[in-house]
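Here is a small set of exercises to work through with the model open beside you. Try each task before reading its solution.

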Amino acid sequence: MKLVLNLLVTFVLFVGCQPKEVTKQDITALRDGNHENLFSFSNTILPKILGQEFKRFESGVDADKKNEVHITYGSNSALTFNDTSDYRKTSTEYHSLVLLRVGYALALHQFHRLSLSLSKPFFIQGENNPDAEIQEAEIFRTTISKPELDVFWENHPNFDPYKAPKIGEKEWEAVTAEVQKLWKVELDEFSRVKLE
């Protein structure tokens, strides 16, 4: 009986201590109540959205002398469980999801362009280092203009980017294709990633 009671208490503590999934309603409440300071808002909201994948937020002036927001995210592990044939597709679709989540959260702020970078550690072996070492590398970067993001949200007011998409879900596939037509790929190093 004591063992059953200990297992039950452990189970309740485990379930109660799991991090709460962020919802569209949570983000909307935070977003609508705080759209003055982009820097402090981003450093508060992005860790809620991206968790440990959030790396950094930067804001600066782009080549057009307009305000650009740059966000870097990615796993902190050099390991991957993706199949080599699906790595590009899976990573690009996930990048679409991150872009939509971040774009929705920052929708009330004023900036010209959103730049989103996927950066993660890799085992890198080069001429100068015959033994592979782990180094952080940016492998994918896209930019999208704020007006295009605004139009996307006007056309999809009920779309929930915080609800995890299911494999083969038609709405998600359509949205992914639409987002990928809107963004401009600034860096694509997927072909250099060798999965073993």
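**Exercise 1. Work out what share of the residues is buried, and describe the overall layout.**

Solution. Start with burial: in this predicted model, buried residues make up 37% of the 196 residues. Next, turn to the surface, where the protein exposes about 12,300 Å², with carbon and sulfur atoms supplying 55% of that area. Now go through the secondary structure, which consists of six helices and five strands. Their order along the sequence is α-α-α-β-β-α-β-β-α-α-β. Finally, look at contacts between residues at least 6 apart in sequence: 67% of them join residues at least 24 apart.

**Exercise 2. Find the largest nonpolar core and say which elements build it.**

Solution. Begin with the members: the core holds 41 residues, and Ile27, Val69, Ile71, Leu100, Leu106, Leu114 and Ile139 touch the most other members. Then assign elements. Those giving two or more residues include helix 3 (38-50), helix 4 (87-105), helix 5 (146-155) and helix 6 (170-182), and among the strands that do so are strand 1 (54-61), strand 2 (67-73), strand 3 (113-124) and strand 4 (133-145). Helix 4 supplies the largest share, eight residues. As background, nonpolar side chains tend to be buried together in soluble globular proteins.

To see one member in its setting, take Ile71. Beyond its neighbours within four places in sequence, Ile71 is in contact with Leu46, Leu50, Arg56, Phe57, Val102, Leu106, Leu114, Ser115, Leu116 and Ser117.

**Exercise 3. Classify how helix 2 packs on helix 3, and list the residues that meet.**

Solution. First the geometry: the axes of helix 2 (residues 24-33) and helix 3 come within 11 Å and cross at roughly 180°. An angle over 145 degrees counts as roughly antiparallel, so helix 2 is roughly antiparallel to helix 3. Next, the residues: helix 2 contributes Ile27, Leu30 and Arg31, while helix 3 contributes Phe41, Ile45, Lys48 and Ile49. Sorted by class, this contact has five nonpolar, no polar and two charged residues.

**Exercise 4. Do the same for helix 4 and helix 6.**

Solution. Here the axes lie 10 Å apart and the packing angle is about 80°. Angles of 65 to 115 degrees count as roughly perpendicular, so helix 4 is roughly perpendicular to helix 6. From helix 4 come Thr92, Glu93, Ser96, Leu97, Leu99 and Leu100, which meet Trp172, Val175, Thr176, Val179 and Gln180 of helix 6. By class, the contact of helix 4 with helix 6 divides into six nonpolar, four polar and one charged.

Add a distance across these helices. Ala177 sits in helix 6, and its C-alpha atom is 8.9 Å from that of Ser96, although the two are 81 residues apart along the chain.

**Exercise 5. Decide whether His95, Ala177 and Asn67 are buried, partly exposed or exposed.**

Solution. Buried means under 20% relative accessible area. His95, in helix 4, has a value of 0% and is therefore buried. Leaving out residues up to four places away in sequence, His95 touches Tyr73, Leu116, Ser117, Leu118, Phe140, Thr142 and Trp183.

Ala177 has 35% relative accessibility, so Ala177 counts as partly exposed. Asn67, in strand 2, has 31% and is likewise partly exposed. With residues up to four places away set aside, Asn67 touches Leu38, Ser59, Gly60, Gln110, Phe111, His112 and Arg113. The C-alpha atoms of Asn67 and His112 are separated by 5.3 Å, with their positions 45 residues apart along the chain.

Conventions
Residues are numbered from 1 along each chain as its sequence is written. This is a predicted model: local features need pLDDT of at least 70, side-chain atom pairs count only at pLDDT 80 or more; totals for chains, interfaces and linings use all residues. Side-chain values use heavy atoms; hydrogens and water are left out. A nonpolar core is a set of buried Ala, Val, Leu, Ile, Met, Phe, Trp, Tyr and Cys residues joined through side-chain atoms within 4.5 Å. Buried means under 20% relative accessible area, exposed over 50%, partly exposed in between (1.4 Å probe, protein chains only). Helices (H or I, at least four residues) and strands (E, at least two) are DSSP runs, numbered from the N terminus. Contact means heavy atoms within 4.5 Å. Axes are lines fitted to C-alpha atoms, for helices over the stretch in contact, and angles run from 0 to 180 degrees between N-to-C directions. Angles under 35 degrees count as roughly parallel, over 145 as roughly antiparallel, 65 to 115 as roughly perpendicular and the rest as oblique. Ala, Val, Leu, Ile, Met, Phe, Trp, Tyr, Cys and Pro count as nonpolar, Asp, Glu, Lys and Arg as charged, and the others, Gly among them, as polar. Accessible areas come from the Shrake-Rupley method with a 1.4 Å probe; for residues, only the protein chains shown count as cover.
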